[in-house]
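Biologist: I would like to learn how to read a metal site in a model. Could we go through one together?

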Amino acid sequence: IFYNFQNPIPDYFTMAVTLLIILAAFAVPFALYWRKILKEISNRHRINKLPSVNSPAYPLVGHSYMFPRNPDEMYDLITSWLKWVMREAKQKLAVVWLGPVPLVAIVHPDAAEVVLRSSKHMEKSFVYRFLHPWLGTGLLTSGGEKWKQRRRLITPSFHFNILLDFLEVMNEQSTKMLRNLDAAVQSGSKVNVGRAITMCALDIICETAMGRTVNAQSDQESEYVKALYRISDIIQQRQKSPALWWDLAFSKMAMGREHDATIDVLHRFTMNVISDRAQSKTEIKLNTMHPQDMKRMAFLDVLLRAESEDGRSLSLSDIQEEVDTFMFEGHDTTAAAMTWTIYLIGRHPAIQARIHEELDDVFGGDMGTITNSHLQKLSLLERTIKESLRMFPSVPFIGRVTTEECSVGSHSIPAGTQVAIFIDSLHHNPSVWPDVDRFDPDRFLPENCVGRHPYSFIPFSAGPRNCIGQKFALMEEKVLLTQILRKYSIHSHDEEEDLRKQADLILRSSTPLNISLTPR
Ligand code: HEM
């Protein structure tokens, strides 16, 4: 527009103005954001010095040109890259470029320790934001001061006395599960062990978190149960498909509207339960309660009585965030872990025979209530649970953002970097675990753990932001597995080589596991 076609001799004034406008277009943002821009350039420079995976990354698209069309195959691709990083490149971390955004993938305990042990890198990465509409910013998703206060307030809910009480719920619900399995075995119909375990774990978490039974094992049509499964599905699809990331556009899509309606069902249910329990709660405060008064309290009841040092308590909507978080974190994780354990036991008859022997020693054929003193004696079962969490960790990776620069050996990770600790890869790192693909519960015998890096086995994460529910999870796993194994022999028909891991929010098999039960 500044060029005069009638008179092609340059108009110096116009040219000067044009030049000034172009300079201003660059100079103004630079003047405003020069610190940020220089920092970003320097960060990119440092990230480019970090090891990467065995495929080239290109400007702007990064490694995304390699990403499979089917998002379910994405995990396979990343884990195969990380296998190369551990085995061939022998590195502790590697950068994967998600388009223009670098993600530092951690596969070695030295690097995991740097991120997890510090109280500096506790902010969660961007993928957790898809959980916010449902879970708000509860313990799992919050950060900073809010997380610290909540963690302090919620920790007493996992007091040993309260967990012991939950053993009663676990016994009752798992007896129902066994009855359902017995009926299926006797009728000769195909037994879906994974489904039976999952519904039982759901009944347990509903009763322990909210003090309310949803009877998932008998009523699979419950509106709440259906909503719980649907929302996990939708969130998983969102996480995997960048096309669904933009909130405004998503809210206009059919899936977005279903997402909102489903969350509405979940929130209405939990808020009703919370309001009911709040009205009926006694005025006794948690720190002045006698253990006897705590009998059969749900997490929710404990939260209603929780008080910080300065006398502040949680509001009903704060409690809702936490109850929803327990519902999300507290059953699919344990159900996946138990299903994998059953699968592995069914593939390894020699280990199964030893577990049966241990159960016979402890119970002497008694099929009655399982007590804490029984659980303490089931050391092989516990090692088997750990080994299966090593091979198939329910939470296969966790994401953080570094809040300040940190170093792993000679590598430096700048502040503000997205980091993912690939627990599944770290648990298969041959520099830590000899014969990584072999199922061997005796790796966890005390004498075999001597000298092992404390961050080499982290199914429940580690450091200040580790899983608050790990004791609950191990107790539940032992109870349900004991119920099944006291009575049945297990046979798993799928070969290990035919399994495909699918990592959404939770690590599962991409197809239902084919497992049969025979009375012992
Ligand atoms: C086998 C079962 C389980 C596994 C493998 C597991 C694993 C994990 C992992 C890896 C984290 C860290 C997540 C992150 O940093 O993003 C976590 C956090 C958490 N888990 Fe679990 N979990 C299990 C069971 C449970 C149960 C039964 C509950 C509750 C009853 C629970 C409640 C939580 C909560 C509230 C957090 C957030 C803790 C915080 O950030 O302070 N988990 N879990």
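Modeller: Here we look at the iron site and the residues around the ligand. This is a predicted model, in which local features need pLDDT of at least 70, side-chain atom pairs count only at pLDDT 80 or more, and totals for chains, interfaces and linings use all residues. Residues are numbered from 1 along each chain as its sequence is written, and side-chain values use heavy atoms, with hydrogens and water left out.

Biologist: Which residues coordinate the iron atom of the ligand?

Modeller: Donors are N, O and S atoms within 2.8 Å of the metal (3.2 Å for Na, K and Ca); water is not among the atoms, so sites may look incomplete. Here E329 (OE) and C467 (SG) coordinate the iron atom, at 2.3 to 2.8 Å.

Biologist: Where do E329 and C467 lie in the chain?

Modeller: Helices (H or I, at least four residues) and strands (E, at least two) are DSSP runs, numbered from the N terminus. E329 lies in helix α12 (residues 316-329) and C467 in the loop between α18 (446-449) and α19 (470-487), so the pair ties together parts that are 138 residues apart in sequence.

Biologist: Which polar side chains contact the ligand?

Modeller: A polar contact is a pair of N or O atoms within 3.5 Å; within protein, one must be able to donate a hydrogen and the other to accept it, and residues adjacent in sequence count only if both atoms are side-chain atoms. Among them, the side chain of Y128 has an N or O atom 2.5 Å from a ligand oxygen, and for R400 a polar side-chain atom is 3.4 Å from a ligand oxygen. E329 has a side-chain N or O atom 3.1 Å from a ligand nitrogen.
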